[in-house]
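Biologist: Please give me a close look at a single part of this model, the stretch towards the N terminus. Start with the chain as a whole, then go through that part residue by residue where there is something to say.

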Amino acid sequence: MTKLVLISDTHMQVSKLKNKIPKCDILIHSGDFTYDGSIGQMCSEADALAKVAKGKADIVIAIAGNHDRI
């Protein structure tokens, strides 16, 4: 059985989920990672998502939303 965890619309707040994401096989962030999709915001949130998922998810998938223009 594969365990999925789905999150979205974190708008630069993904680091606040560090203790709320359960152990899973796949973590999917389905859009609106940032506010404006700037390179700085995208890099910052990608790093934050990697830290949140470390040791909890084997695979992390991030799907761009309408705020994630880059």
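Modeller: Of the 70 residues in the protein chain, 39% count as buried. The model is a predicted one, and every value below is computed from it.

First, the setting. The protein chain contains one helix and three strands, and from the N terminus on these elements run β-β-α-β. The radius of gyration is 11 Å, close to the 11 Å that the globule rule gives for 70 residues, so the protein chain is as compact as a globular protein of that length. The C-alpha trace spans about 35 × 20 × 15 Å along its principal axes. Contacts between residues at least 6 apart in sequence can be split by separation, and 55% of them join residues at least 24 apart. The accessible surface comes to about 4,500 Å², with 57% of that area belonging to carbon and sulfur atoms. As for charge, the chain has 9 positive and 8 negative charges, and the mean positions of these two sets lie 10 Å apart.

Now the part you asked about, which takes in β1, β2 and the loop between them. β1 covers residues 4-7 and β2 covers residues 24-30. The two strands run parallel and are joined by four bridges. One residue pair can be named here: Ile7 has His29 in β2 as its bridge partner. β1 has two unlike faces, one covered, with Val5 and Ile7, and one uncovered, with Leu4 and Leu6.

On the β2 side, Ile28 is the residue to follow. Ile28 sits in strand β2. Its relative accessible area is 17%, and because buried means under 20%, Ile28 counts as buried. What does Ile28 touch, if residues up to four places away in sequence are not counted? The list is Val5, Leu6, Ile7, Ile61 and Ile63. Val5 and Ile7 in that list are the residues of the covered face of β1, while Leu6, also touched by Ile28, belongs to the uncovered face. The contact with Ile61 spans a long stretch of chain: Ile28 and Ile61 are 33 residues apart in sequence, yet their C-alpha atoms are 4.8 Å apart in space.

Between the strands comes the loop, and three of its residues deserve a mention. Asp9 is found in the loop between β1 and β2. Asp9 is not a glycine, but its phi is positive, at about 55 degrees. With a relative accessible area of 45%, Asp9 is partly exposed. Met12 lies in that loop as well. Its phi is near 70 degrees, again a positive value in a residue other than glycine. Met12 is also partly exposed, with a relative accessible area of 21%; the cut-off for buried is under 20%, so Met12 falls outside that class.

Lys20 is the third, and its place too is in the loop between β1 and β2. Lys20 has 63% relative accessibility and so counts as exposed, since the cut-off for exposed is over 50%. Which residue is 32 places from Lys20 in sequence and 9.2 Å from it in space? That residue is Val52, with the distance taken C-alpha to C-alpha.

To sum up the part: β1 and β2 run parallel, Ile28 of β2 is buried, and the loop between the strands holds residues including Lys20, which is exposed.

Key
Residues are numbered from 1 along each chain as its sequence is written. This is a predicted model: local features need pLDDT of at least 70, side-chain atom pairs count only at pLDDT 80 or more; totals for chains, interfaces and linings use all residues. Side-chain values use heavy atoms; hydrogens and water are left out. Buried means under 20% relative accessible area, exposed over 50%, partly exposed in between (1.4 Å probe, protein chains only). The radius of gyration is taken over C-alpha atoms; the globule rule is 2.2 Å times the number of residues to the power 0.38. Contact means heavy atoms within 4.5 Å. Accessible areas come from the Shrake-Rupley method with a 1.4 Å probe; for residues, only the protein chains shown count as cover. Lys and Arg count as positive and Asp and Glu as negative; His and the chain ends are not counted. The place of a charge is taken as NZ of Lys, CZ of Arg, CG of Asp or CD of Glu. Two strands pair if DSSP finds at least two bridges between them.
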